[in-house]
Amino acid sequence: MEYVLVLAVLFGVVFVVTGPLRRPAGGSDAAGSALDGAAPTDVLELEAARDAKYRELLDVELDHQTGKLSDADFQAIDSSLRTEAIDILHELDQAMERGQ
Amino acid sequence: MGLFGRALLILGLVVCIYGIGASLYGVRRRRPEWVDSGRRAVYALAGLMVIAFVLLEVAFQRNDFSFNVVAQTSSTTIPTFYKLTAPWSSQQGSLLLWVLLSSLWSSLVLFLTRRRLREIAPYATAVLLGMAGFFDALAVFAANPFAQTSNPPSNGAGLDPLLQHPSMMFHPPMLYSGYTLMAIPFAFGIGALISGRLGSDWIRDTRRFALAAWLFLGVGIVLGARWSYTELGWGGYWGWDAVENAALMPWLCVTAFIHSIQIQEKRGMLRVWNVSLILLAGTLAIFGTFLVRSGVLDSIHAFGASTLGVPFVVLLGVMISSSIGLILLRRNSLRSEHRIDSLLSREAMFLFQNLVLVAMVFVIFWITMFPLISEAITGTKVSVGPPAFTPFVVPLALILVALAGIGPLISWRRATAANLRRNFTFPVAFAVVTLIAVLALTGAGSKPFAVAMFVLGAFVIASVLQELYRGTSARRAITKDAWPLAFVSLVRRNRRRYGGYTAHLGIAVLLIGVAGSSSFQHSRDVTLRPGQSARVDGYTFRYVKPTAVALPSKVEFGAVLAVYHGRTHVTTLRTSRALYPSTDASDGIIGRFFDNTNADSTVGLRAGLTKDIWTVVSPNLTPLGGLITQGNQYFQAALNSASAKLAKMTTAQQNAALAPFWQARDIAVAGIVRRYATHPFPVEFLLIVSPLVSWIWIGAIIVALGGLIALWPVPRLVRRRTPRLDRVTLAPEPRERELV
């Protein structure tokens, strides 16, 4: 009985693990996850940078609202952050166009 | 089922080896199907380990003593609740639990990142499978949980009484979850270094796992402290034990990491620092496991001496050398993009806090390892106790608490004198009032470190409350919501920030509790007869009466104490010590029920917000020694005289013939136990009055709440893959428009 169980589990594991190898060439579990170019990774890195910049903008705004930044400092930092964010978005546009 | 269980472990090891090969082949040859196959190997490993663990649990529940591990750590008399937890009380079962948790967390992170981190994830998969495979290999070759015996005993040796405590149900799985979760950012850090993709995306995708590791490990540490306080019978919650320190060190490292990654995410700074921190945390997690399992240092928490030390040393060597090598290899790519604008900024405070935390890790590591270092150099193992830690750790902890209050009050990038004045006025004033109150009302001036901790703790509490008030006010100004609604909305929209502030608040409360209880504890060891009293810190403890109970699984000797403050009755405490029958034949037929080595204590505790009143009894069984010896001699003689007849009987006949004998023995044991209750023997007590201990547990709950708030997923507008739309939100006006 135990041997049957072992064989059943073995077949199950082999079936699951080799699933991707039995697919047609180029197929993947994750749509578009082919490791065939740097663009998608660039996009992900830029998206991470964009998320972080958004958070930074929010943090600075909250710092200003809670009195930790003067109006002048806030204006300077906020506009600098927005410029950086827009630069990231431009780069993201370009990276996505390259990836398409 | 032993064969099936072992086959699952071996299959798991094969799957690990295959998954490592498939992942590395796939990423090097750019073959996504092999990468996918490698990832599926992790899922398969998780499935195998779930089945294996269920098998082991079933063996415990069915009292299947043909499994060595069940025979060694369980018995028929153990409650079902503790049978569920018994698997991880042994070296073998805990290794299996480790692989199970590791494979589950690895599956989760690889599933979540299956469409991301494409160049990093395959390397991370290989590292995660390598670590899981290491523990699996130990379970297969060195500590097999499915090892069986052909001649199983009729009953098991039982679970260590000290482990029969509710905290032990959760403490080990929490610690193991923390350790195994720590492997995830470690593996992705290694993956980022190998692949050269050193941006912030791997941090973004593993930050939550680092935070979860911090939360689980922290909860595990506190549960261990609680267990120590209520179960071990020495009155303390932290003994600077090697294994306690081994859990604290990676926790401190991850605490530093979850702060400093914010600087990398926002400013592209501290890349070397962050990757070093997480590699150090991952290595320290394995180091802690090494201490627990190798028996290299003495600890009540360790599994004792074993042969697992050498494989762990090899693993640690590989982890340390590859971490250092990879960081050196990528040192140019890890350079910072920016510099800190001002020393008066939150970035600078985070950096300073990181340095203090790492200094603390270094100090704890050095003192913990000092016995081994001294032995290596001088040939003599020099033991160092808790006093060795205090002069270093306490000042660092004070700086840390101060920074926990300063950080929330300073903005990112820069701060001006006017802003600092505005933000620091209330917290500093509150701290000064606290100082005056403590000095005037408590007479605590003789303990400067404790007073400093109270004052700095008050400063942190005030700064966090001020931040919550101002944030809620700002939110109300925008939304016009009611206060509670605005508060919830504020926290919900800024979970990382306010989760962090909540954790700071909790740490302040916890450390105030530590300072108060360690500096102002009063304790006495006394010997009392029923009716006698002893005074501790103004409280009178009167020993009312002894108690004694004989049960099939244990005998219990206890005491009832009434506690008075002046003439006012404060509480009644009940404490006891339970002795579990030993398996040592030399103790004698009666004496094995009175062996004090296999025992646990139930403390008498009255916990309060300001003071805990605590006691534990250490029953003096010497007056019963004569009876026990007589009983041993009488029953042994009876057994010897019957041995010739018994030898001619079958097992069933022997059992039937001996039944009255065992009944008589149980009656004798009960009689001796009863004598303890009816004769007023003098008994030793440890009596403790300790202030603010409850603050430690309350603080820990607040910290955990903060961790949960920060961990909770944020619905993100920025997930959209249409950056042009995002530009709309970057328009500077109108000001009230919000990004998230």
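Two strands count as paired if DSSP finds at least two bridges between them. The model worked on here is predicted.

**Exercise 1. Which residue of S9(B) stands opposite Ser618(B), and how many bridges join S8 to S9 of chain B?**

Step 1. Find the strands. S8 covers residues 611-618 of chain B, and S9 covers residues 683-691.
Step 2. Count the bridges. Eight join the two strands, which run antiparallel.
Step 3. Locate the partner. Glu684(B) in S9(B) is opposite Ser618(B).
Step 4. Place the pair in its sheet. The order is S1-S9-S8-S7 in chain B, an open sheet of four strands with antiparallel pairing.
Step 5. Name the edges. Strand S1 (522-528) and strand S7 (604-607) of chain B each pair on one side only.
Step 6. Add the turn between neighbours. On average it is 10° in this sheet, direction ignored.

**Exercise 2. In what order do the strands of the five-stranded open sheet of chain B run, and which strands stand at its edges?**

Step 1. Read the order. It is S2-S3-S4-S5-S6 (chain B), and the pairing is antiparallel.
Step 2. Find the edges. Strand S2 (533-536) and strand S6 (599-602) of chain B have a single partner strand each, so one side of each lacks a neighbour in the sheet.
Step 3. Note the turn. Neighbouring strands of this sheet are turned by 25° against each other on average, direction ignored.

**Exercise 3. Follow the bridges from S3(B) to S6(B).**

Step 1. Start with S3 (residues 539-550) and S4 (residues 555-565) of chain B. They run antiparallel and are joined by 11 bridges.
Step 2. Pick out one bridge. Pro546(B) has Ala559(B) in S4(B) as its partner.
Step 3. Look at the link. Four residues form the hairpin connection from S3(B) to S4(B).
Step 4. Move to S5 (residues 568-579) of chain B. S4(B) pairs with this strand over 11 bridges, again in the antiparallel sense.
Step 5. Pick out a bridge here too. Gly558(B) is partnered by Ser576(B) in S5(B).
Step 6. Check the second hairpin. Two residues lie between S4(B) and S5(B), and Gly566(B) takes a positive phi near 65°.
Step 7. Finish at S6(B). Four bridges join S5(B) to this antiparallel strand. Ser576(B) stands opposite Thr602(B) in S6(B).
Step 8. Add the helix. H19 (residues 651-678) of chain B lies across S3 and S4 of chain B, at about 165° to S3(B).

**Exercise 4. Are H13(B) and H15(B) roughly parallel or roughly antiparallel?**

Step 1. Take the geometry. The axes of H13 (residues 390-406) and H15 (residues 448-479) of chain B come within 8 Å and cross at roughly 20°.
Step 2. Apply the cut-off. Angles under 35 degrees count as roughly parallel. H13(B) is therefore roughly parallel to H15(B).
Step 3. Give the hand. This crossing of H13(B) and H15(B) is left-handed.
Step 4. List some contacts. Val394(B), Leu398(B) and Val401(B) are among the H13(B) residues that meet H15(B), where the residues include Phe449(B), Met453(B) and Leu456(B).
Step 5. Sort by class. The contact of H13(B) with H15(B) has 11 nonpolar, three polar and no charged residues.

**Exercise 5. How do H5(B) and H7(B) lie to each other?**

Step 1. Take the geometry. H5 (residues 91-112) and H7 (residues 166-195) of chain B have axes that come within 9 Å and cross at roughly 45°.
Step 2. Classify the angle. H5(B) and H7(B) are therefore oblique to each other.
Step 3. Give the hand. The crossing of H5(B) and H7(B) is right-handed.
Step 4. List some contacts. Trp98(B), Leu101(B) and Trp105(B) are among the H5(B) residues that meet H7(B), where Pro172(B), Tyr176(B) and Ile184(B) are included.
Step 5. Sort by class. The contact of H5(B) with H7(B) has 11 nonpolar, five polar and no charged residues.

**Exercise 6. Which helix gives the most to the side of chain A that touches chain B?**

Step 1. Survey chain A. It has three helices and zero strands. Of its 100 residues, 35% count as buried.
Step 2. Size the interface. 52 residues of chain A are in contact with 59 residues of chain B.
Step 3. List the contributors. H1 (2-17), H2 (39-65) and H3 (71-99) of chain A each supply at least two residues to this side.
Step 4. Choose. H2(A) gives the most, with 18 residues.
Step 5. Sort by class. The side of chain A that touches chain B has 28 nonpolar, 10 polar and 14 charged residues.

How values were computed: Residues are numbered from 1 along each chain as its sequence is written. Chains are lettered from A and ligands numbered from 1 in the order in which they are written. This is a predicted model: local features need pLDDT of at least 70, side-chain atom pairs count only at pLDDT 80 or more; totals for chains, interfaces and linings use all residues. Axes are lines fitted to C-alpha atoms, for helices over the stretch in contact, and angles run from 0 to 180 degrees between N-to-C directions. Angles under 35 degrees count as roughly parallel, over 145 as roughly antiparallel, 65 to 115 as roughly perpendicular and the rest as oblique. A crossing is left-handed if the near helix is turned anticlockwise from the far one by less than a right angle, and right-handed if clockwise. Two residues are in contact if their C-beta atoms, placed from the backbone, lie within 7 Å. Ala, Val, Leu, Ile, Met, Phe, Trp, Tyr, Cys and Pro count as nonpolar, Asp, Glu, Lys and Arg as charged, and the others, Gly among them, as polar. A residue is buried if 20 or more other C-beta atoms lie within 10 Å of its own, exposed if 12 or fewer, and partly exposed in between; C-beta atoms are placed from the backbone.
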